[in-house]
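Please walk through the model below, chain by chain and then across the contact between chains.

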Amino acid sequence: MSEIFNFLIQNEVLIYLLLFTVLLGFEVISKVPSVLHTPLMSGANAISGIVILGAIILIRSTDPENYFTLILASIALFIGSINVFGGFFVTNRMLEMFNKKKKNG
Amino acid sequence: MDKVLFLISAFLLVWGLRLQSDPASASKGNKYASVGMLIAIISATIMPIENSYDNYSWIIIPIIFSASIGYIIAKKIEMTSMPQMVSIFNGLGGLSAVLLSFTEINKWLSYTELYPQFVIVVLLVSLFIGSVAFTGSLLAFAKLDGYKWSEKLTLPFQHIINLILLVSIIVLSFLFIDNSADSNYLYILIAISLLYGVFFVAPIGGADMPVVISLLNSFTGITAALTGVIFDNKVMLLGGILVGAAGTILTVLMCQAMNRSLLNVLVGGFSSSGSSSKSSEQGDIKEITDSDFAVQLFYSQKVIIVPGYGLAVAQAQKLCKEIQEVLESNDVEVKYAIHPVAGRMPGHMNVLLAEADVDYSKLIELDEANSDFKSTDVAVIIGANDVVNPDAIDDTASPLYGMPILKVWESNSTVVLKRSMSAGYAGVQNPLFFRENNKMYFGDAKDSLQRLSTELKNL
């Protein structure tokens with residue numbers, strides 16, 4: 001218990017960041033028209049692939065002899081980046097269609 | 001240097017998401033966010049790490065492969081399969097988080113016995129949520145793609161089973177932490193978490209999948225944030241929480257569009273399996289012939305098209321636009337009424353019609369459409385069902401009761417294009433089909449519209 005308490009104190013700034021980011025996330029999205037729900041979901045999904053940063057850091061700090069960790073982390077990186085790149089490309093494709101519309105109309 | 005880059009990237013992610021909530025700037029927003037992500041990836045790769053071995057080939061090779069695969073999938077995918085696409089991508093994100101937490105747990109354990117318990121707890125939570133997001137998304141994909149498992153699969157005592165699973169996950173977590181490094185507990189933990197993801201989504205009907213995907217997406221975001229805490233990386237934390245919060249809000253917005261609570265969706269909202277009191281009350285349906293249909297449209301003044309999933313499945317959006325043009329050249333006013341949850345995902349219809357170059361201003365939303373129907377000659381319902389079901393308004397026993405719908409029957413007449421008389425996604429019959437001023441036009445939406453288009457051009 002005291003360990004958790006210590007962690008909170010040590011990471012005070014982190015906790016503040018957490019708090020404000022939650023509010024920010026709510027605020028940023030709250031006024032979205034339903035037209036944009038699909039692209040937005042897809043775009044947000046791409047951002048959630050940010051977990052691959054962890055994989056990159058893990059790979060970099062792993063002993064080159066430790067194949068178990070290296071292989072698992074690279075698979076995580078591989079799978080996660082499909083989510084990231086695919087997500088951004090496909091969102092872009094969807095949104096370009098809206099844009100094209102604007103110019104014609 | 002890397003700190004500055006992370007800062008820029010965090011700013012771009014937030015600003016990009018902000019821009020994405022307005023149609024005019026959405027495309028720009030996505031570009032900002034992707035640049036932000038790219039900068040984050042680069043900074044994670046170049047930032048100084050204590051005792052770093054770098055291992056760059058283990059990083060660059062997977063990224064090159066996955067970037068090209070992602071690009072190809074994104075290019076090739078049909079706009080109709082967009083919901084499935086998002087759920088598969090989300091599942092991959094979840095799996096990635098699971099692998100990462102698993103590897104990280106192993107690494108901490110191999111270090112020393114002095115690992116901080118807090119780290120393991122956070123990693124276990126991340127492992128659990130990631131697993132649920134992974135199997136949940138895969139099942140959601142299966143439900144969306146083809147109707148295979150689209151029904152609600154409910155085991156007897158489903159809720160009790162789920163509860164038992166949850167409790168055993170918590171117990172196992174404690175056992176694992178107490179008997180440190182006994183990996184058996186970890187493996188069972190992962191297996192149960194994966195199973196829980198399946199049970200979590202199984203009782204939810206296919207029509208509610210968008211809500212589920214959005215929720216699972218916010219789960220993946222939370223996992224990313226938790227992993228960010230472990231790696232002490234603020235961009236991961238920020239990005240993850242941002243997605244977690246945005247996904248939650250989006251989920252709630254979608255539920256509101258269906259006038260249902262999230263809890264109601266999660267426990268399998270349409271659970272009464274269509275035991276509507278009126279469903280037995282049927283009458284005769286009237287079919288309309290090709291030429292009658294064409295003539296009726298041709299001599300109308302105002303036509304409103306109500307597109308649904310049937311249009312998407314049949315890939316008939318371009319034909320739809322073609323018919324719109326023929327009618328407009330004959331001074332018929334044509335509009336599209338878009339129900340917020342038409343199709344399989346909010347905004348699904350907008351994307352499809354945009355693909356077919358339908359002018360944005362021709363799309364009208366629920367409220368405007370409902371006041372427009374009274375002055376409409378013909379409402380053409382293409383492959384939509386539940387969103388035009390009058391039971392939602394006047395049958396309290398209907399599972400759809402309370403959902404805001406398009407009151408198509410207020411127009412002079414309605415024509416429903418549909419493959420068969422089968423029930424809609426919610427599994428209930430639609431009394432609209434038996435109404436006096438309604439006619440049916442059976443067939444696959446693409447074939448039907450093709451016939452109609454030929455007929456119209458002959459007039």
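What percentage of the 105 residues in chain A do buried residues make up? The share is 56%. This is a predicted model, and the mean pLDDT of chain A is 84, with 91% of its residues at 70 or more. Confidence varies among the elements of chain A: helix 1 of chain A has the lowest mean pLDDT, 75, while helix 4 of chain A has the highest, 93.

Chain A contains 5 helices and 0 strands. Along the sequence its pattern reads α-α-α-α-α. The radius of gyration of chain A is 19 Å, whereas a compact globule of 105 residues would come out near 13 Å. Along the principal axes, the C-alpha atoms of chain A fill a box of roughly 60 × 35 × 15 Å. Of the contacts in chain A with a separation of 6 or more, 65% are between residues 24 or more positions apart. Chain A is split into domain 1, covering 1-31, and domain 2, covering 34-104. The centres of these two domains of chain A, taken over C-alpha atoms, are separated by 24 Å.

The next topic is the contact between the chains. In chain A, 80 residues are in contact with 95 residues of chain B. On the side of chain A that touches chain B, the elements giving two or more residues are helix 1 (2-10), helix 2 (12-29), helix 3 (37-48), helix 4 (52-60) and helix 5 (67-104) of chain A. Helix 5 of chain A supplies the largest share of that side, 33 residues. Sorted by class, the side of chain A that touches chain B holds 46 nonpolar, 26 polar and 8 charged residues.

Chain B is divided into domain 1 (1-76), domain 2 (79-266) and domain 3 (290-458). Between the centres of domain 1 of chain B and domain 3 of chain B, taken over C-alpha atoms, the separation is 41 Å.

Helix 9 of chain B, residues 234-257, allows a simple check of geometry. How far apart should the ends of its 24 residues be at 1.5 Å a residue? The expected span is 34 Å, because the rule multiplies 1.5 Å by one less than the number of residues. The end C-alpha atoms of helix 9 of chain B are 34 Å apart, which agrees with that expectation. Helix 9 of chain B is also mostly covered, with 20 of its 24 residues buried.

Two residues of chain B call for a look at the backbone. Most residues other than glycine have a negative phi. B:D54 is not a glycine, yet its phi is positive, at about 65 degrees. B:D54 sits in the loop between helix 2 (26-46) and helix 3 (56-76) of chain B. B:D331, also a residue other than glycine, has a positive phi near 60 degrees. The place of B:D331 is the loop between helix 13 (317-328) and strand 2 (333-338) of chain B.

Which burial class does each of these residues fall into, B:D54 and B:D331? B:D54 has 15 C-beta neighbours inside 10 Å and therefore counts as partly exposed, since that class lies between the cut-offs of 12 or fewer for exposed and 20 or more for buried. B:D331 has 7 C-beta neighbours inside 10 Å, so B:D331 counts as exposed.

Note on methods. Residues are numbered from 1 along each chain as its sequence is written. Chains are lettered from A and ligands numbered from 1 in the order in which they are written. This is a predicted model: local features need pLDDT of at least 70, side-chain atom pairs count only at pLDDT 80 or more; totals for chains, interfaces and linings use all residues. Domain bounds come from an automatic or database domain assignment. Helices (H or I, at least four residues) and strands (E, at least two) are DSSP runs, numbered from the N terminus. Two residues are in contact if their C-beta atoms, placed from the backbone, lie within 7 Å. Ala, Val, Leu, Ile, Met, Phe, Trp, Tyr, Cys and Pro count as nonpolar, Asp, Glu, Lys and Arg as charged, and the others, Gly among them, as polar. The radius of gyration is taken over C-alpha atoms; the globule rule is 2.2 Å times the number of residues to the power 0.38. pLDDT is the predictor's confidence in each residue, from 0 to 100.
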